[in-house]
Amino acid sequence: MLRLLPLSLSAQCRSGGPPSHRCFVDGGSPSQRTGPGLLANNGVRVRVRRRALRGADVQPDTPPSRRDGDKPLHADAEQVEGSGVDLLDSVRKLLLEDAEPGEEEQGQFPKRWAIVFLCFSAFLLCNMDRVNMSIAIMPMSAEYGWNPQTVGLIQSSFFWGYLLTQIAGGIWADKVGGKTVLGFGVIWWSVATALTPVAAKLGLPFLLVVRAFMGIGEGVAMPAMNNILSKWVPVSERSRSLALVYSGMYLGSVTGLAFSPFLIHKFGWPSVFYSFGSLGTVWFVTWAAKAYSTPLEDPGISAEEKKLIISQITSGEPVTTIPWGVILSKPPVWALIACHFCHNWGTFILLTWMPTYYNQVLKFNLTESSLFCVLPWLTMAISANVGGWIADTLVSRGTSVTTVRKIMQSIGFLGPAFFLSQLSHIDSPALAVLCMACSQGSDAFSQSGLYSNHQDIGPRYAGVLLGLSNTAGVLAGVFGTAATGYILQHGSWDDVFKLSVTLYLVGTVIWNLFSTGEKIID
């Protein structure tokens with residue numbers, strides 16, 4: 001309860017002021033109380049509950065100890081001042097009980113951003129565990145005598161499981177909550193990563209099964225993350241939160257490509273899988289203790305932050321049934337699926353075939369090719385976060401979500417289309433690498449376009465929607481990678497880039513005609 005310090009213990013002892021004025025615990029004067037607010041020491045105005053003070057809330061001007069002769073005045077003053085911090089904390093808690101939605105308690109790190117950071121960490125591990133095989137496969141194939149066809153089979157086995165759990169993971173996340181599903185995914189793929197050396201020693205069939213199992217775990221990650229952020233992140237922060245999480249994937253690739261050669265050289269190729277896999281266990285312990293599927297389930301979240309989140313999102317309760325007929329009848333859903341396919345066709349080709357392009361066309365050696373392969377990932381990590389902040393700034397300034405999504409995705413399509421179309425006219429290796437980096441950098445603006453759109457059009461079914469569109473995206477990667485090999489046998493790199501540019505342009509048209517940033521599925 002709001003308590004007033006006695007004059008004799010505060011103002012009178014310090015300044016000798018007249019006994020007709022009372023001194024408030026925050027040290028302010030009555031003139032500082034303007035309207036319904038109270039100006040605290042930190043300069044932040046907080047709302048005060050309008051209610052009458054009871055007799056117990058106010059102390060008399062003359063303390064009982066002076067009337068009864070129990071203690072001298074200065075002893076009382078020291079006792080009250082000693083508890084000033086406790087009183088101030090109690091008053092602040094009381095004042096913040098009636099804070100309006102959007103007013104957050106000062107000095108407390110937002111819990112929603114702790115969830116975002118944990119998702120970022122999960123995606124960092126996701127790509128670390130995925131790309132380590134691309135480095136370790138070289139000493140493994142030398143040790144076990146694998147030919148290129150066997151190496152291709154091992155690399156593709158990951159996608160067998162990855163494809164299976166895209167939609168299933170989305171359904172599961174929307175029904176039971178993103179915390180359970182993402183936690184399962186990380187611990188599952190981490191165990192599979194750690195078992196890879198054991199499976200390789202047992203034989204090729206065991207290795208293929210373990211790699212497929214790893215794909216099963218990573219397949220649920222994106223739908224589960226999309227579900228949990230749809231419950232935790234307000235629309236005004238959606239783009240930059242998703243951009244940060246997806247940049248974890250890009251930085252995970254950089255980290256995996258950077259540390260894998262060092263570990264292999266020092267400790268042998270099995271060390272890559274053991275060390276990377278063990279990190280997932282550390283993450284899971286933190287996730288299990290700190291994360292919740294919705295802010296409504298979190299007992300540690302502040303009332304102010306909970307009000308802010310709930311005021312901008314739909315119900316956080318899991319769904320019981322999936323309205324497939326409604327979902328598949330919406331043109332924006334099909335636009336999302338088609339554009340995800342167009343986007344991933346070009347992205348997977350660049351990321352899969354880039355080392356070969358550097359080596360065959362630009363004549364870089366293997367070390368140089370590996371070094372330059374890191375550059376696009378770094379560019380994407382930076383650009384994704386820049387695009388996220390731009391998108392959220394536009395939304396906060398009144399630009400419609402639909403317009404923002406169309407602008408950002410148009411950059412994500414037209415930027416790569418332009419830079420790839422210039423490669424056939426460039427002879428300088430340095431300029432070619434720059435074009436590749438700019439292509440991928442502009443591509444990362446898609447994180448604030450189609451990758452944010454699942455939560456816009458159907459926040460309660462964000463996991464399912466992501467599972468649907470990402471299934472098309474994975475198929476684009478599988479077919480696009482295979483088609484590129486066929487084209488290079490019968491054509492040239494110019495033909496590869498022309499096909500990617502064509503799909504980027506088709507995606508731009510579809511997106512601007514049929515996409516929306518409004519909620520269309522309840």
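Trainee: Contact means heavy atoms within 4.5 Å, and I see that this model is predicted. With that in hand, which residues does L251 touch, not counting residues up to four places away in sequence?

Mentor: Start by finding L251 in helix α10. The C-alpha atoms of L251 and F123 are 8.9 Å apart, although their positions lie 128 residues apart along the chain. Leaving out residues up to four places away in sequence, the ones L251 touches are F120, L124, L378 and A381.

Trainee: Is L251 buried, partly exposed or exposed?

Mentor: Buried means under 20% relative accessible area, and exposed means over 50%. L251 has 29%, which falls in between, so call L251 partly exposed.

Trainee: S247 is also in helix α10. Is S247 buried or exposed?

Mentor: Not counting residues up to four places away in sequence, S247 touches F120, A381 and N385. Its relative accessible area is just 2%. That is under the 20% cut-off, so S247 is buried.

Trainee: Let's go to another pair of helices. At what angle do α5 and α7 pack?

Mentor: Two packed helices are described by the angle between their axes and the distance between the axes. Here α5 covers residues 111-144 and α7 covers residues 178-202. Their axes are 11 Å apart, and the angle is about 10°. Angles under 35 degrees count as roughly parallel, so that is the label for α5 and α7, at about 10°.

Trainee: And how many nonpolar residues does the contact of α5 with α7 have?

Mentor: Look at who takes part: α5 brings residues including L125, C126 and M133, while α7 brings others, among them W189, T193 and T196. By class, four residues in this contact are polar and two are charged, and the nonpolar ones number eleven.

Trainee: T196 caught my eye. Which residues does T196 touch, not counting those up to four places away in sequence?

Mentor: T196 sits in helix α7 and counts as buried at 1% relative accessibility. L208 is twelve residues away in sequence, with 9.4 Å between the two C-alpha atoms. With residues up to four places away in sequence left out, T196 touches M133, L207, V210 and F273.

Trainee: How far apart are the C-alpha atoms of R405 and W511?

Mentor: R405 belongs to helix α16, residues 401-422, and is buried with a relative accessible area of 1%. The residues R405 touches include R238, D456 and W511. R405 and W511 are 106 residues apart along the chain, yet their C-alpha atoms are separated by 9.2 Å.

Trainee: How many disulfides are there?

Mentor: A disulfide is a pair of cysteine sulfur atoms within 2.5 Å. Applying that rule gives a count of zero.

Trainee: What about C435, then: how far away is the nearest cysteine sulfur?

Mentor: C435 is buried, at 10% relative accessible area, and is in no disulfide. The nearest cysteine sulfur belongs to C438, and the distance is 6.5 Å.

Trainee: Last one, for the whole chain: what share of the residues counts as buried?

Mentor: The protein chain has 20 helices and two strands. Among its contacts between residues at least 6 apart in sequence, 81% join residues at least 24 apart. Of its 522 residues, the share that counts as buried is 51%.

Technical notes. Residues are numbered from 1 along each chain as its sequence is written. This is a predicted model: local features need pLDDT of at least 70, side-chain atom pairs count only at pLDDT 80 or more; totals for chains, interfaces and linings use all residues. Side-chain values use heavy atoms; hydrogens and water are left out. Buried means under 20% relative accessible area, exposed over 50%, partly exposed in between (1.4 Å probe, protein chains only). Axes are lines fitted to C-alpha atoms, for helices over the stretch in contact, and angles run from 0 to 180 degrees between N-to-C directions. Helices (H or I, at least four residues) and strands (E, at least two) are DSSP runs, numbered from the N terminus. Angles under 35 degrees count as roughly parallel, over 145 as roughly antiparallel, 65 to 115 as roughly perpendicular and the rest as oblique. Ala, Val, Leu, Ile, Met, Phe, Trp, Tyr, Cys and Pro count as nonpolar, Asp, Glu, Lys and Arg as charged, and the others, Gly among them, as polar.
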